[in-house]
Amino acid sequence: MALAKLGVVVLDCPDPHTLAVFYAGVLGGTVEGDGRWVDLKVPGGQSLAFQAAPGYVPPAWPAPDASQQFHLDLTVDDMDAAEREVLALGAKPLDTEDRSRSWRVYADPAGHPFCLCAC
C-alpha cells in the first residue's frame, strides 16, 4: 500500500511563468498563476509546477563531477518535427548528434535537461 500519491513535479527556475509557457508549448495545457509559483495543467497527464528560485544555477550536463538533478523524458511520434518545435520554443541541444538513437537531449530555457524519446 502506498504511503502517498505524487502531487506535482516542481521545477526551480528564475522565471516560473516563462518556463511554464515553454512547457505548455511542448506538452499543451493551461498555465495558471504568476509570480513565484506557476502551475501547468497538462491534458490527460501529470501537472508540472514552476517555482522561483533566487540564485538559481542550472544543472551542468554532461558533467561527471556534478549531478543533472533530474530530467524529463517526453515521448514523441516524430523526432525531427518535435526537435524543430522545441528549438523554436527556446530549447538548446545538449546531445542530439547521434540520429540513430531513439532519444535526443535538450535543455529548457532555464537549463533543465529533457529528452525527446521515440520509444
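Let us start at the outside: the accessible surface of the protein chain comes to about 7000 Å², and 54% of that surface belongs to carbon and sulfur atoms. Accessible areas here come from the Shrake-Rupley method with a 1.4 Å probe, and for residues only the protein chains shown count as cover. What you are looking at is a predicted model, in which local features need pLDDT of at least 70 and side-chain atom pairs count only at pLDDT 80 or more, while totals for chains, interfaces and linings use all residues. Residues are numbered from 1 along each chain as its sequence is written, and side-chain values use heavy atoms, with hydrogens and water left out.

Now for the overall plan. The protein chain has 2 helices and 8 strands; these are DSSP runs numbered from the N terminus, with helices (H or I) of at least four residues and strands (E) of at least two. Following the sequence, you meet them in the pattern β-α-β-β-β-β-α-β-β-β. The radius of gyration is 15 Å, close to the 14 Å that the globule rule gives for 119 residues, so the protein chain is as compact as a globular protein of that length. (That radius is taken over C-alpha atoms, and the globule rule is 2.2 Å times the number of residues to the power 0.38.) Along its principal axes, the C-alpha trace spans about 40 × 40 × 35 Å.

Next, step inside. Of the 119 residues, 36% are buried, where buried means under 20% relative accessible area, exposed means over 50%, and partly exposed lies in between (1.4 Å probe, protein chains only). In soluble globular proteins, nonpolar side chains tend to be buried together. Here the largest nonpolar core has 25 residues, and those touching the most other members are Leu 19, Tyr 23, Leu 40, Leu 48, Phe 50, Phe 114 and Leu 116. Such a core is a set of buried Ala, Val, Leu, Ile, Met, Phe, Trp, Tyr and Cys residues joined through side-chain atoms within 4.5 Å. Two or more core residues come from each of strand S1 (9–13), H1, strand S3 (37–41), strand S4 (48–52), strand S5 (72–75), H2 and S8. H1 gives the largest share, 5 residues.

Two leucines let you follow this packing. Leu 11 is found in strand S1 and is buried, with a relative accessible area of 0%. Beyond its neighbours within four places in sequence, Leu 11 has contacts (heavy atoms within 4.5 Å) that include Leu 19, Tyr 23, Leu 48 and Phe 50. Leu 48, leaving out residues up to four places away in sequence, touches partners including Val 8, Leu 11, Tyr 23, Leu 40 and Leu 72.

Helix H2 (residues 79–89) is a good place to see two faces. Its buried residues are Met 79, Ala 82, Glu 83 and Val 86. They cover an arc of only 105° around the axis, which puts them on the same side of H2; the arc is that of the directions from the helix axis to the C-beta atoms. Turned away from that buried side, the other face carries the exposed residues Arg 84, Glu 85 and Ala 88. The cover over the buried residues includes helix H1 (16–27), strand S7 (103–107) and strand S8 (113–117). At the start of H2, a side-chain oxygen of Asp 78 reaches to within 3.1 Å of the backbone nitrogen of Asp 80. After H2 comes Gly 90, whose phi is positive, near 120°.

From Asp 80 we can cross to strand S7, where Arg 104 lies. Is Arg 104 buried or exposed? At 4% relative accessibility, Arg 104 counts as buried. The side chains of Arg 104 and Asp 80 are joined by a polar contact of 3.0 Å. A polar contact is a pair of N or O atoms within 3.5 Å; within protein, one must be able to donate a hydrogen and the other to accept it, and residues adjacent in sequence count only if both atoms are side-chain atoms. Arg 104 is also in contact with Asp 95, a residue of strand S6 (residues 92–95) that is buried too, with a relative accessible area of 18%.

Another arginine makes a nice contrast. Arg 36 sits in the loop between strand S2 (30–32) and S3, and Arg 36 is exposed, with a relative accessible area of 54%.
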